Every structure is written in structure tokens, then in C-alpha cells.
Amino acid sequence: MPSDPNSTEFRRRRFRPIPVRMLVPNMITLLAICAGLTAIRLSTEGRMELAVAAIVFAAILDGIDGRVARLIKGQSKFGAELDSLADFVNFGVAPGLILYFWTLHELNNGGWIAAMVFAISGGLRLARFNASIDDPNKPAFAANYFTGVPAPAGAITVLLPIYLAFLGVPMPPATLTAFYTLLIAFLMVSRLPVFSGKTVKMRVPPEMVLPVFVAVVFFVALLIGYPWHILSAGSVLYLISLPWGWKSYRDQERSLAAQTQAAGAAAPASAAAPYAAPAAESDRDDRPTHLH
């Protein structure tokens, strides 16, 4: 490569064209950021239904951008950093502000603190996730679990009081909403093992392809036709399932510890050196040590 930075060849190598497949996942992530920022604007204008819908749309985009990147082999470090930034805005800042403009503002500084703690918890949770990706001390089964509630799930579940209000349930006191917001924030930064399902290989038999398509279309239709019912039921079921993930993780951890202990107990017997007969007198080498 030419050493002169002003040469044409140097500039051509430095600013080489970027494949379109590297841009598509980042465009999806940027669209998710736009949805999160729009949700903040809609909440300031009092259009809470559209604001919550924008958060759900951002969560859907967050769920597909990584899969699209892996599918078309468009992963990049830039995309990973952009995705973390999008998660902080969409699932940390935006839900906290939506709750604040909805009812937490009635508590004045207390409500703002609750919204701010939730947003900061989302940022801390994402930072811990990025720092622990390459942890060599994690057991193999731990790849199937999140540490703490992931940011998108935290954003969807923390808006449960708003879903219920849209269904006609009386609006809870602002103090109760603030307590619930802090509870979800605590679950996000906790060490609670949460089942992720990332390593589960799902294969659909050929005869089940069409029924699966019909089921997906049916679910999407339900989500569009009855969004607050589906989101409310999904949030409640997700919170109920958290102890199951913790129990599953503990069972696998105990199983691994038992296997390690059994292997350690069997190692001394198998590692004992076999008896070796002493060398015959004629086999000894009387040369000086430095010649051996």
C-alpha cells in the first residue's frame, strides 16, 4: 500500500465500497431508533396509544435486525454498537418518559426519579451484556440464558399499567406505578437467569409448514385487532415464567457441579502411574549429565 496519504491508491483502499448486505441491518436499527424517538414525541403530546404502539414496533424491529444480519452475513462491530445505542433509547429512555408523562409526573421529583432509574437500569443492563459476551468462565449452558430481564422485555412489561388502563381498568395510583417501574428496573440489573432460547434449534417438519404460517398470521391478526389484550396477557405470563427460568438454570448448574465432582474423584485413580520395573544395570547410562 502506498505510504503517501494523498495518493489515489491510498484513498481507494481506505474508502472502499461497503456491501449493501452490511447496510440493511443498520437501516433496520435506525428505523427502530426513529420509532423510539417518535414514541417520546407522541407521549409529550398525550397520544399514549400511538406512543406505546411505536415502542412495540421498535421491539419487533429489534428482534429481526440481528437475525437479518446473521441471515445475510451482514454482522459488523459498527452494527453491534448501533444496536446497543438503539436499545438504550428505545427500551430505556422512551418507556421511562412515557410513564412519566402518563402518570409519574404526579409525584413530581419522585416520579422523575423512578423514570430516570428505569432508563439508567436499561443502560447498565446493556453495558453488562456487552461486557460479558466473551466471558471465558461462563459454562456452555449459560449461553441459553440472559443475566437479568433483557431490555426489550423490560420495556414491554413496564408498560403493563398503561395496557390495563386502555382496557378500561381503573388507573392505578402514581405511587404504585412508580413502585412497579422500580421493580422492573431491578429485574433488569439483577443476576436473575432468564431463559433466552437463542441456542434452541427449531426445525419445522414439512407437513407443519403451512399450519405454522397460519398460526403466525393468526397471532399477528390478534395483535393488531386486540393489541392491549395480547400485550397484557403476554406481560403477565412473562413475569410469571421468570421463576421457571431461574429453576432451570439452577438445575443445570447443580448437574454440572455433580459431573465435575465425579470427574475429579475419578481422576486420581486413573491418573496413577503404572508400576515400572527398575532399569537393568546394563541399561544405565554412565555418561555425564550434560551429554544426555
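A residue counts as buried when its relative accessible area is under 20%, as exposed when that area is over 50%, and as partly exposed in between. The model used in these exercises is predicted.

**Exercise 1. Enclosure of helix 6**

Task: Find which residues of helix 6 are buried, and state what follows for the helix.

Solution.
Step 1. List the buried residues of helix 6: Ala-151, Ala-153, Gly-154, Ala-155, Ile-156, Thr-157 and Val-158.
Step 2. Compare with the length of the helix. Seven of its eight residues are buried, so helix 6 is largely enclosed by the rest of the structure.
Step 3. Set this beside the whole chain, which has 292 residues, with 34% of them counted as buried.

**Exercise 2. The order of elements**

Task: State how many helices and strands the chain has, and in what pattern they follow one another.

Solution.
Step 1. The count is ten helices and two strands.
Step 2. Along the sequence the pattern reads α-α-α-α-α-β-α-α-α-β-α-α.

**Exercise 3. Classifying an aromatic pair**

Task: Classify the pair formed by Phe-195 and Trp-244, then say which parts of the chain the pair ties together.

Solution.
Step 1. A pair of aromatic rings is described by the distance of the centres and the angle of the planes.
Step 2. Ring centres must lie within 6.5 Å for a pair, and planes over 60 degrees apart count as edge-to-face.
Step 3. The structure holds seven aromatic pairs. In the pair of Phe-195 and Trp-244, the centres are 5.5 Å apart and the planes stand at 70°, so the pair is edge-to-face.
Step 4. Phe-195 belongs to strand 2 (residues 193-195) and Trp-244 to helix 10 (residues 227-271), so the pair ties together parts that are 49 residues apart in sequence.
Step 5. Apply the accessibility classes. Phe-195 is partly exposed, at 33% relative accessibility, whereas Trp-244 is exposed, at 52%.
Step 6. Elsewhere, Tyr-100, Phe-101 and Trp-112 make up one aromatic cluster.

**Exercise 4. The second largest pocket**

Task: Describe the second largest pocket by its volume, its lining residues and the helices that supply them.

Solution.
Step 1. The volume of this pocket is about 210 Å³.
Step 2. Its lining consists of Ala-53, Val-56, Phe-57, Ile-60, Val-220, Leu-223, Ile-224, Pro-227, Trp-228 and Leu-231.
Step 3. Sort the lining by class: ten residues are nonpolar, none is polar and none is charged.
Step 4. Assign the lining to elements. Helix 3 (48-71), helix 9 (209-225) and helix 10 each supply at least two residues. Helix 3 gives the most, with four residues.

**Exercise 5. The largest nonpolar core**

Task: Give the number of residues in the largest nonpolar core and name the helix that gives the most to this core.

Solution.
Step 1. The core has 47 residues, and those with the most contacts inside it are Ile-98, Leu-159 and Tyr-163.
Step 2. Several elements give two or more residues to this core, among them helix 2 (20-44), helix 4 (77-102), helix 5 (109-131) and helix 8 (174-189).
Step 3. Helix 3 gives the most to this core, with eight residues.

**Exercise 6. Three single residues**

Task: Decide for Gly-36, Ala-51 and Asn-108 whether each is buried or exposed, and place each in the chain.

Solution.
Step 1. Gly-36 lies in helix 2. Its relative accessible area is 0%, so Gly-36 is buried. Its C-alpha atom is 9.8 Å from that of Gly-92, although the two are 56 residues apart along the chain.
Step 2. Ala-51 is part of helix 3. Ala-51 also has a relative accessible area of 0% and is buried. From Ala-51 to Arg-41, ten residues apart in sequence, the C-alpha distance is 7.9 Å.
Step 3. Asn-108 sits in the loop between helix 4 and helix 5. With a relative accessible area of 54%, Asn-108 is exposed. Its phi is near 55°, a positive value in a residue other than glycine.

**Exercise 7. Annotated spans**

Task: Compare the UniProt spans 110-129 and 178-196 with the helix and strand content of the model.

Solution.
Step 1. An unreviewed UniProt entry lists both spans under "transmembrane region".
Step 2. Residues 110-129 are 100% helix and 0% strand, with end C-alpha atoms 29 Å apart.
Step 3. Residues 178-196 are 63% helix and 16% strand, with end C-alpha atoms 27 Å apart.
Step 4. The unreviewed entry also annotates residues 207-243 as "domain: CDP-alcohol phosphatidyltransferase C-terminal". That span is 92% helix and 0% strand, and its end C-alpha atoms lie 35 Å apart.

Methods:
Residues are numbered from 1 along each chain as its sequence is written. This is a predicted model: local features need pLDDT of at least 70, side-chain atom pairs count only at pLDDT 80 or more; totals for chains, interfaces and linings use all residues. Side-chain values use heavy atoms; hydrogens and water are left out. Rings of Phe, Tyr and Trp (its six-membered ring) pair if their centres lie within 6.5 Å; planes under 30 degrees apart count as stacked, over 60 as edge-to-face and the rest as tilted. Buried means under 20% relative accessible area, exposed over 50%, partly exposed in between (1.4 Å probe, protein chains only). On a 1 Å grid over the protein atoms alone, a cavity is a set of points where a 1.4 Å probe fits but cannot get out, and a pocket is an open set with protein on both sides within 12 Å along at least five of seven lines; lining residues have an atom within 4 Å of a point. Grid points are joined across faces, edges and corners, and a volume is the space filled by probe spheres set on the points. Ala, Val, Leu, Ile, Met, Phe, Trp, Tyr, Cys and Pro count as nonpolar, Asp, Glu, Lys and Arg as charged, and the others, Gly among them, as polar. UniProt positions are given in the numbering used here, feature names are shortened, and annotations may be inferred rather than shown by experiment. A nonpolar core is a set of buried Ala, Val, Leu, Ile, Met, Phe, Trp, Tyr and Cys residues joined through side-chain atoms within 4.5 Å.
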